[in-house]
Amino acid sequence: MVGLSAMPAFLQRAVAATPMPNKKQLVVLFQRGAADGLNIVVPFGESNYYRMRPSIAIPQPKRGGRGSGSVLANPELNGDAAIDLAGFFGLHPSLAPLVPLFHKNQLAIVHAAGSPDLTRSHFDAQDFMESGTPGLKSTEDGWLNRALEAVPEENASPFRAVAMGPNLPRMLHGSSPAIALPDLRQFKVMAQAPGMGQVVEGGFEAMYAQTVDKALQGTGTETFEAIDLLRKADPAKYRPENGAQYPTSRLGQSLQQIGQLLKADIGVEVLFVDCGGWDNHVNEGGVQGQLSNLLRDLGQSLAAFHQDLGDRMENIVFVTMSEFGRTAKENGNRGTDHGHANCMFVMGGDVRGGQVYGKWPGLNDHQLNEGRDLALTTDFRSVLGEILTKHIGVADLKPVFPSFDNNPRKFPGLIRT
Amino acid sequence: MRLPNFHASGFTFRFPSIAATPKSFLALILSLACTLSLGVDLPGVAATPSAKDKKQKPDPALKGLPITELSADEAILHALNRLAYGPRPGDIERVRQLSLAKWIDQQLNPNSIEDKAVEARLQDYPTLRMSTAKLIAEYPQPKQAEKQALRQARAQTQQEQRRSDAGAAASSAAQETQSSQTQSGGSDAQAATSTADSPQQSEADNPDKPAPMKEPAMEPDAAAKGARRRDALGGDPNNIPRALGEDSKRPRRIVAELAVAKITRAIYSERQLQQVMDDFWFNHFNVFAGKGEDRYYLTSYERDVIQPHALGKFKDLVTATAKSPAMLFYLDNFLSADPRAAQRQAMERAMRQQARYGRFGRPWPPRPRVNPQQGAKKNERGLNENYGRELMELHTLGVEGGYTQKDVTEVARSFTGWTLEKPRQYADFKFDDRLHDPDPKIVLGKKIHAGGMKDGEQVIDLLAHHPSTAKFISTKLARRFVSDNPPPALVNRMAETFQSSDGDIRAVMKTMIWSPEFWSREAYRAKIKTPFELVVSSARALGTDVDTSLPLVQWVGRIGEPLYQCQPPTGYSDKAEAWVNTGALLNRLNFSLALAGNKMRGARTDATSLLGVNASAEPKAALDRAVQVFLGGQAAPATVETLQKQLDNPQVLQAKLDDARKQVDLGVIAGLVLGAPEFQRR
C-alpha cells in the first residue's frame with residue numbers, strides 16, 4: 001500500500017524502542033474561569049482573611065494537626081479545616097490527596113502569582129496568559145508553542161505537543177506543529193463498512209500523500225503518521241499503574257490519557273489540558289460546596305496522575321494556572337468576584353517541593369490590589385520561565401516571553417538544577 | 001425574481017436530457033423568468049463597465065460576467081461554492097439553464113426567491129420565533145428559577161424600605177445586570193466549547209452549564225447512558241438522540257435550536273447567499289452563546305439584527321448590533337457609565353429630598369442601614385472600554401485603522417448610557433441619560449457633542465463612513481469570497497464602491513462578483529472550507545435528507561468550529577491555517593465516511609441512487625461518477641489513480657464476487673471522494 005512502506009524517521013526511532021533518555025516533559029493545566037486561590041491555598045495566618053470572608057472562609061487547621069503527623073497519615077481527619085502546610089498557609093481540605101506530595105517535596109506552590117495585567121475580563125486575561133504577552137492583544141501565537149520553537153527538533157513526533165480536547169488552545173497556536181486530541185481511542189479512520197478499514201485508510205493516505213495541495217499534503221502526512229504511531233501504542237489496552245485511580249470526571253480522564261501518551265514513548269513533550277467551573281460568583285461554598293467539589297476532582301486527578309506515572313515523574317513537570325484570582329472579600333452572594341493574583345501548583349521530580357514560594361503581599365486593606373484583591377508579587381512568566389529554562393532546556397526566553405525581563409536571578413527557584 | 005417552479009423542483013436533475021433542450025424552450029423559460037421578476041434590475045450587466053467591454057463570450061450561460069479563465073462548468077461550480085454552500089445534485093445544470101448572471105442576481109435579492117420548503121423544516125423549532133422575554137420565561141435556568149423567586153421576594157422587601165426615586169431604579173438595574181453577567185464568564189465558555197464535542201462531560205461537571213447538544217430526556221436507555229458517561233472524552237457525534245426532546249425546557253435548547261436551524265437553512269434554503277452573508281456577519285459581529293444571558297439574546301440577535309441587514313447598509317448593521325442586547329451584554333457596554341454618574345445622582349437625590357422635606361422641617365429620611373462606603377462602592381459603575389475598543393478594532397476600522405487608546409476611551413464615553421432594561425426579564429435596549437457622560441468627546445479628531453444617545457449614533461456614523469472601514473470590510477468580504485490574501489486592486493475597488501454607495505453591502509458584493517479577480521484561476525478552489533462549510537457542502541453534495549441536524553451540528557464542533565461557541569469577539573478565522581490541522585483533518589475524513597455511508601443518525605443518504613444503481617457493479621465507474629458528482633469531474637490524476645488502486649484491492653473484488661447486490665459499498669466510495677483533498681476546498 002502506498003505510503004505505509006516508507007516509515008518516517010521519528011517512527012523508526014520510536015520503533016527502535018529506545019525511550020529517549022532524560023527527555024523532559026511538561027504538562028500545563030489551565031483552570032478556566034478564575035480559581036479562588038485564597039480558598040485553595042488558605043493564608044490562615046491572616047486575620048483579615050477571616051474578616052473579609054465571613055461565610056466562605058476555610059477554618060484554621062486544628063492545633064497539633066501537623067506536628068502529630070496525623071495529617072500525613074490521615075488527612076481526612078482535617079476535613080473541616082485547612083490542612084496546615086507551613087504554619088501560615090493551609091490547603092483546602094478537599095485537596096488532601098496532594099498533602100503527601102507536598103511533604104515528599106514533589107509539589108511546590110507559588111502564591112500571589114499571575115498575570116500583571118489588571119484586566120478583570122476572562123476573555124482578555126486568558127488570552128494574555130496564553131499568548132504570554134499580558135496587555136498586548138496583537139500576539140498571534142502562544143507561549144507554549146514558542147517554547148517548542150526555542151528547542152527545535154528535527155523529525156519531531158506528530159505528538160510532540162498535544163492538547164486534550166477538540167480544539168487547539170491559544171497557548172499552542174504557532175508555527176510548531178501541535179495537535180488537539182479529544183480522545184485517544186477515537187484517533188483513527190472509522191471506515192463504517194465492515195472489512196473496508198484498510199482500504200479506506202490506505203485510500204485517504206495515498207490521496208493526501210500525492211496531492212499537489214501543499215497545506216493539505218503536510219497535514220495529511222502528519223495525520224497518518226500519528227494514526228499509525230498511536231495504533232502501535234495501542235491505547236485501548238492501557239491500565240493505570242501503581243494502583244492509581246483516576247476520577248471519572250473529564251479532568252481525571254484527560255489526565256489518564258495524558259499519562260497514557262507519556263508512557264507510550266511516542267515523542268510527547270508538552271501537553272495541555274484545561275478544566276472549567278471556577279467562576280463562582282454565587283454560593284462558592286467553603287469547606288463544602290462548589291469550589292470544594294472542583295478541588296476534590298483536581299486533587300484526586302493530580303494525585304492519581306502522580307501515582308500512575310511513578311518513576312516517570314522524574315522527567316515531568318506539571319504546572320497549573322488560572323487567568324486571575326478572585327476578590328479577597330466575599331461578595332453579597334456568598335461568592336467572590338474577579339480579582340487579581342492567584343496561586344500556581346508545580347509538581348514533579350525536578351521540583352523543589354514542600355514550600356510555598358513567592359513574597360506574600362499581605363491581606364490588610366491597604367495591602368490589597370485596588371483595595372480588593374490579593375496583590376501580585378510573582379509574574380507567571382518567571383514561574384514558567386524557570387520551568388522552561390531548567391526543565392525543558394530553553395536557552396533564550398526572550399522570544400518565548402518578549403518584553404519581559406526573565407532574569408534567572410529572579411526565578412522563584414522551584415526547579416532543581 | 002421569482003423562480004419558476006420547475007427550476008426549484010430539481011427538474012433538470014431528474015431529466016438530464018434537458019441539456020439538449022431546444023433554444024426556443026430556453027427562451028421561454030427566460031422570458032417567463034423575466035416576466036415574473038419583481039422589477040429587479042440586472043445589475044452586473046449594466047453596472048460594471050468591465051463586463052461590457054468583454055468581447056469574448058465563451059458560453060451563453062456566462063453572459064454578462066467577466067469570466068475568461070474558467071470554463072462554464074468551473075465558473076458555475078465556483079459560484080455555487082462561494083455564493084452558496086456548494087452544489088446539490090443537479091444544481092450546476094440548473095444554474096446553467098438559468099444563466100449564471102441571473103442566478104447571481106436572484107441570490108443578491110433573496111426576497112425574490114421562494115423559500116417555503118426550508119421554512120416548513122424550521123417549524124419544528126419553536127424558539128426561533130420567540131421573543132427574548134418569552135425565551136427567558138419559558139426556558140429558565142434550573143437554579144435561576146429558585147434564585148429568581150428568592151430575589152423577587154427580597155426585592156419586594158427592599159422596595160418597601162427604599163424610596164422610589166430615580167437613582168434607586170438605576171442602581172438596582174446595575175446590580176441585577178452585574179450579577180447576571182459575572183455568573184458566566186470563562187467557566188461557561190470553557191464548558192460550552194468542550195461541550196460541543198462531548199456533551200456528557202459538562203453535564204457531569206456542572207449541570208448548570210450550557211450543553212446545547214445533549215438531551216438527557218431522550219436517552220434511549222440507562223445502559224447506553226452509562227456507557228456514554230464513561231466515554232467522557234469521546235463524544236461520539238452519532239450518539240445523540242433523533243430529535244430535540246419536546247419536553248426539554250432547559251435554556252441550552254435555545255442555542256441547540258439556533259445551531260440546528262443554521263445548518264438546516266444552509267443545506268436547504270434556496271436563498272443561499274443570504275445564508276452565507278448571515279454567517280459572515282454573525283461571525284464579524286460575533287457574540288458568544290456561553291456568556292451568561294447571551295444564550296437568551298442570540299435568537300433575536302440573529303433573526304432581528306443580523307439577517308435583515310445582511311445585504312443592506314453597513315451603518316444600519318452597526319447601529320443594530322450596537323443597540324442589541326446580545327452585543328451590549330457580550331461586550332459589557334450595558335455596564336459602562338460615566339464614573340461621575342453615581343455622584344451626580346446622589347447629589348440630585350439629595351437636592352430633591354431637600355426640596356421635598358427641607359422646608360417642612362421634617363427630619364432627614366432615614367438611610368438604608370448599610371455601610372455607606374460599601375454601598376456606594378457597590379452601585380458605582382465606571383467606564384467600560386470593551387465595546388468601544390472592539391467596535392473600532394473588529395467591527396469597523398480594523399486594528400490598523402488609525403485610532404488610538406485615547407479614541408477608545410472617547411468612544412466608550414460616547415456610548416455611556418447605552419444599556420439594558422430588565423436584562424433578566426426581557427432585555428430591551430435603553431438609553432439611560434443618567435449614566436451618560438454629557439461632556440464633549442473627540443473621536444478620530446472629530447468633535448462628538450450631539451448630546452445624549454446621539455453621541456453614540458454620531459460615532460457610529462463617523463466610523464461607518466470612515467475610509468479605513470471601507471477598506472477593512474472590503475478586505476474581510478474579499479477574504480471570505482475570493483482568497484485568503486485577496487488582490488489589493490480588487491479590495492480597493494470594493495472600498496470605492498463602499499464609499500460611494502454609503503456602505504451598501506449589496507453594491508460592494510456586486511463590485512466583487514463582477515470583477516475578473518473573482519473568476520480568476522488563482523481564486524478557483526483557493527479557499528479551505530471551514531468545518532461548517534465542509535459539513536453543509538457534503539450534505540448538499542450527497543443530497544442527504546436530514547431529519548434532525550443535531551449530529552451535523554456536533555460534527556461541525558468536532559471538526560473545530562462549534563456553532564455559536566466562539567468565545568473571543570474576533571469570531572472564527574477565515575484563513576486556511578486555522579482549519580488545517582491533524583485532529584481536524586481526521587475528523588473531516590471520518591465525517592465524510594459516516595455521512596456518505598448513511599451511518600449518521602437523523603440523516604438519510606442514498607449513495608446508490610446518487611451514483612447510479614448500476615455503478616455498484618463496477619467500482620471504477622462508481623468512482624468516476626463520484627468524482628463527477630462531488631468534484632465537478634475535477635480531481636488530480638493522482639487522486640483518481642490511487643483511489644482506483646484501492647478499489648482493486650482483493651477485499652473489494654472478493655466482495656464483488658460473493659454478492660451481486662453488495663458488490664461495492666458505494667457509501668465508502670462516496671466517503672472517500674468527499675474526503676479527498678479537492679473537496680476540502682471551495
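Here are some questions and answers on how the labels for this predicted model follow from their definitions. Local features need pLDDT of at least 70 and side-chain atom pairs count only at pLDDT 80 or more, while totals for chains, interfaces and linings use all residues. Residues are numbered from 1 along each chain as its sequence is written.

Q: What makes B:Arg681 and A:Asp213 a salt bridge?
A: The rule asks for a side-chain nitrogen of Lys or Arg within 4 Å of a carboxyl oxygen of Asp or Glu. Here the closest N and O atoms of B:Arg681 and A:Asp213 are 2.3 Å apart, so the pair meets that limit. The count between chain B and chain A is one salt bridge.

Q: Which helices of chain B supply at least two residues each to the side that touches chain A?
A: They are α13, α14, α31, α34, α35 and α36 of chain B, where a helix is a DSSP run of H or I with at least four residues. The largest share, eight residues, comes from α31(B).

Q: How many residues does each chain bring to the contact, and what area is buried?
A: With contact meaning heavy atoms within 4.5 Å, chain B gives 57 residues and chain A gives 60. The two chains bury about 5300 Å² between them, 61% of it on carbon and sulfur atoms; this is the accessible area (1.4 Å probe) lost on being put together, summed over both.

Q: Why is the pair B:Tyr85 and B:Phe532 called edge-to-face?
A: Rings of Phe, Tyr and Trp (its six-membered ring) pair if their centres lie within 6.5 Å, with planes under 30 degrees apart counted as stacked, over 60 as edge-to-face and the rest as tilted. The centres of B:Tyr85 and B:Phe532 are 5.4 Å apart and their planes are at 85°, so the pair is edge-to-face. These two residues lie 447 residues apart in the chain, with B:Phe532 in helix α29(B).

Q: How do you know that β2(A) and β4(A) pair?
A: Strands (E, at least two residues) pair if DSSP finds at least two bridges between them. Two bridges join β2(A) to β4(A), so the rule is met.

Note on methods:
Chains lettered and ligands numbered in written order. Heavy atoms only, no water.
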